Amino acid sequence: MRDSEHGFERSSLHSIEHSIEHSIVRTSAFAPGSIGNVGPGLDVLGAAVTGAGDTVVAEWHDRPGVTILEAGAPDLPTDATRHTAGVAALAVLRAATSLGGQRAGRGIGLRVHKGLPLSAGQGGSAASAVAGAAAVNALLGSPLDIPALLLASLEGEEMAAGRHLDNIAPSLMGGVVLVRSLDPIDVVSLPVPPTLRLVLAHPDQRLRTADARSVLPAEVPRGTAVHQLAQVGAMVAALYSCDLALLGRALDDRIAEPARSALLPGFCEAKAAALDAGALGASISGSGPTAFALCDGDAVALRVAEAMARAYASQGVRALVRTARIDTDGTQVTCTRSEDA
Ligand code: HSE
């Protein structure tokens with residue numbers, strides 16, 4: 001879409017055209033937050049969430065390589081090799097160079113704007129990585145396709161939070177995504193039932209993904225594995241058939257949730273309150289501490305949000321609660337060309 005009044009061009013990832021000879025001087029990419037491990041889908045099922053997300057602005061810079069001009073938060077590193085957006089951007093630059101799409105000697109500066117809270121379980125590290133990768137790719141004339149962007153973003157996520165795509169893939173592509181394989185990357189977009197609503201409850205707590213991953217069991221009994229497989233299969237079937245009751249029954253995680261709930265004061269009470277108020281199901285968003293509930297329709301979602309807020313408060317935990325939908329747009333990129341600058 002061309003917006004002549006504001007002098008910029010906005011496009012979804014899917015419609016960016018590859019052009020090495022271009023006049024783009026600045027790009028901006030917004031990547032939505034996401035729920036990782038949707039219920040039983042540890043590391044394999046993720047959903048993009050409407051509302052908050054991270055934005056990365058990329059522009060040409062005198063210093064070769066990638067320079068972080070704004071890190072996004074005082075706690076985040078300004079060294080590009082230690083910032084998720086910087087690592088993903090460097091990976092894009094490397095891939096583009098190998099394709100012959102990067103002009104020698106030009107560097108890129110990044111400004112990161114964090115809309116997502118840090119260490120919250122809302123896909124913040126993934127969103128920064130995806131936005132960094134998408135913004136740099138667009139600045140270079142979009143030489144990379146979606147699988148290559150997933151791979152580059154995964155480098156950023158891996159450095160910060162471990163090698164998993166369940167936040168990266170929905171943040172880039174939108175919707176609900178099943179990660180079938182990391183090597184090679186193979187992801188499957190799943191349908192989104194139209195009345196499906198989300199409630200996200202973010203307790204006033206930070207939990208680093210690395211710490212939350214350290215409590216995951218290295219092995220699980222066969223019965224647990226079989227149960228978990230059945231639930232993931234049922235979730236996929238429920239999304240295809242719009243069977244929200246089945247979706248709720250299948251939201252039954254017996255691997256991550258039991259291990260992590262001990263780290264999350266108020267979670268069990270909030271989950272029970274969500275189910276009492278009519279949620280289809282509830283679990284931990286990503287590695288936590290945010291909890292999420294799935295609901296059928298706006299009215300139930302509002303009731304569930306109030307119930308989860310009350311439950312956290314009853315445990316002396318302050319929590320920010322919001323309702324949302326599955327974001328089906330994924331990452332959005334805006335390009336500014338030299339004649340517009
Ligand atoms: N799948 C990841 C985990 C999500 O559970 O650690 C982190 O947001």
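This report describes the two domains of a predicted model, the interface between them, the surroundings of a ligand, and some features of the backbone.

**Domains and their interface**

The chain is divided into two domains. Domain 1 is made of two segments, 9-188 and 328-337, whereas domain 2 is the segment 196-324. Taken over C-alpha atoms, the centres of domain 1 and domain 2 are separated by 26 Å. To the contact between them, domain 1 contributes 26 residues and domain 2 contributes 33 residues.

Domain 1 and domain 2 bury about 2,200 Å² between them. Of this area, 61% lies on carbon and sulfur atoms. On the side of domain 1, three residues stand out: Ile35, Pro40 and Ser119 supply 25% of the area that this domain buries against domain 2, more than any other three residues.

Polar links also cross the interface. Between domain 1 and domain 2 there are 12 residue pairs in polar contact, counting pairs with both residues at pLDDT 80 or more. The elements that give two or more residues to the side of domain 1 touching domain 2 are β3 (24-35), β4 (45-61) and β7 (176-182). The element that gives the most to this side is β4, with 5 residues. By class, the side of domain 1 that touches domain 2 holds 13 nonpolar, 11 polar and 2 charged residues.

**Salt bridges**

A search of the whole structure finds 14 salt bridges. Across the interface of domain 1 and domain 2, the number found is 2. A salt bridge joins the side chains of Asp75 and Arg206, with 2.9 Å from N to O. This pair links distant parts of the chain, since its two residues are 131 residues apart. Asp75 is in the loop between β5 (65-70) and α1 (84-98), and Arg206 is in the loop between β9 (196-203) and α5 (209-214).

**The ligand and its surroundings**

The residues around the ligand are Asn37, Leu42, Asp43, His164, Asp166, Asn167, Thr209, Arg213, Arg260, Gly286 and Ser287. For some of these residues, the table gives the distance from an N or O atom of the side chain to an atom of the ligand.

| Residue | Ligand atom | Distance |
|---|---|---|
| Asn37 | oxygen | 2.6 Å |
| Asp166 | nitrogen | 2.8 Å |
| Asn167 | oxygen | 2.9 Å |

Asp43, one of the residues around the ligand, also has a backbone feature of note. The phi of Asp43 is positive, about 65°, although this residue is not a glycine. Asp43 is placed in the loop between β3 and β4.

**Other backbone features**

Most residues other than glycine have a negative phi, and most peptide bonds are trans. Besides Asp43, a positive phi is also found at Cys242, where the value is about 60° although the residue is not a glycine. Cys242 lies in the loop between α6 (222-241) and α7 (244-250).

Cis peptide bonds occur before two prolines, Pro184 and Pro289. The bond from Asp183 to Pro184 is cis, with omega near 5°. Pro184 belongs to the loop between β7 and β8 (185-190). The bond that joins Gly288 and Pro289 is cis as well, with omega about 10°. Pro289 is found in the loop between β10 (281-284) and β11 (291-296).

Methods
Residues numbered from 1 in each chain as written. Predicted model: local features only at pLDDT ≥ 70, side-chain atom pairs only at ≥ 80, totals over all residues. Heavy atoms only, no water. Domains from an automatic or database assignment. Contact = heavy atoms within 4.5 Å. Buried area = accessible area lost by both parts, 1.4 Å probe. Salt bridge = Lys/Arg side-chain N within 4 Å of Asp/Glu carboxyl O. Polar contact = N/O pair within 3.5 Å; in protein donor to acceptor, adjacent residues only side chain to side chain. Helix = DSSP H or I, 4+ residues; strand = E, 2+ residues; numbered from the N terminus. Nonpolar A, V, L, I, M, F, W, Y, C, P; charged D, E, K, R; others polar. Near = heavy atom within 4 Å.
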